[in-house]
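User: Please take a close look at one pairing between strands in this model, and then follow the connections outward from there. I'd like a single connected walk-through rather than a list.

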Amino acid sequence: QVPLVESGGGLVQAGGSLRLSCAGSGRTFSSYAMGWFRQAPGKEREFVVAINWANSRTYAGDSVKDRFTISRDNAKNTVYLQMNSLKPEDTAVYCCAALAVYNDPRTVTYWGQGTQVTVSS
């Protein structure tokens, strides 16, 4: 098991920044790629960005490229999502996930429960 717990969500004005954290546990955290997904009300879940286990490669969705950055600290079993230049359309529940393959969003093995991000205009 790789229980995942997100934190750092909240309310921010358009143009602002937030950093989300996702803490894992267990010896296996560093073996997984980690990623972030989001789901806005009435919309399907959307892949945001992922990073490989070695913290050397990332893969991002088109809607967040150049604005969102993922990183991880395997010593702390934590993955981060730095979100800059936020837009109202970024409003969603953000979930972290452990993946088998960092550039294949279909390979999610574990999900966190999510944290709400709301961007006001």
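Analyst: Let's start where G35 stands opposite A50 in strand 5. This is a predicted model, in which local features need pLDDT of at least 70 and side-chain atom pairs count only at pLDDT 80 or more, while totals for chains, interfaces and linings use all residues. Residues are numbered from 1 along each chain as its sequence is written, and side-chain values use heavy atoms, with hydrogens and water left out.

The G35 and A50 match belongs to the antiparallel pairing of strand 4 with strand 5 (residues 46-51), which runs over five bridges. Strands here are DSSP runs of E of at least two residues, numbered from the N terminus, and two of them pair if DSSP finds at least two bridges between them. Six residues lie between strand 4 and strand 5 in their hairpin, and there G42 takes a positive phi near 75 degrees.

Strand 4 has a second partner: seven bridges join it to strand 9, again antiparallel. In that pairing, M34 has A98 of strand 9 as its bridge partner. Strand 4 (residues 33-39) is largely enclosed by the rest of the structure, because six of its seven residues are buried; buried means under 20% relative accessible area, with a 1.4 Å probe and protein chains only.

A50 also turns up among the contacts of Y102, a residue in the loop between strand 9 and strand 10 (108-111). Leaving aside residues up to four places away in sequence, Y102 touches A33, A50, I51, N52, R57, T58 and Y59, where a contact means heavy atoms within 4.5 Å. Y102 counts as buried, at 19% relative accessibility. A14, by contrast, lies 29 Å from Y102, C-alpha to C-alpha, with their positions 88 residues apart in sequence.

Strand 9 leads us on to the one disulfide of the structure, a disulfide being a pair of cysteine sulfur atoms within 2.5 Å. C22 and C96 form this bond, with 1.9 Å from S to S. C22 lies in strand 3 and C96 in strand 9 (residues 92-99), so the bond ties together parts that are 74 residues apart in sequence. The torsion about the S-S bond of C22 and C96 is about 40 degrees, so this disulfide is right-handed. C22 is buried at 0% relative accessible area, and C96 is buried at 0% as well. Why does C95 not bond? Its sulfur is 7.6 Å from the closest cysteine sulfur, in C96, which is too far. C95 is nonetheless buried, at 11%.

From C22 we can follow strand 3 into an open sheet of four strands, ordered 1-3-8-7 with antiparallel pairing. Its edges are strand 1 (5-7) and strand 7 (68-73), each pairing on one side only. Strand 3 (residues 18-23) is joined to strand 8 (residues 78-83) by six bridges, and A23 stands opposite T78 in that strand. L81 of strand 8 is the bridge partner of L20, and L81 also partners I70, in keeping with the six antiparallel bridges between strand 7 and strand 8. Five of the six residues of strand 8 are buried. Finally, the hairpin of strand 7 and strand 8 has four residues between the strands, and N77 there takes a positive phi near 55 degrees.

How values were computed: Buried means under 20% relative accessible area, exposed over 50%, partly exposed in between (1.4 Å probe, protein chains only).
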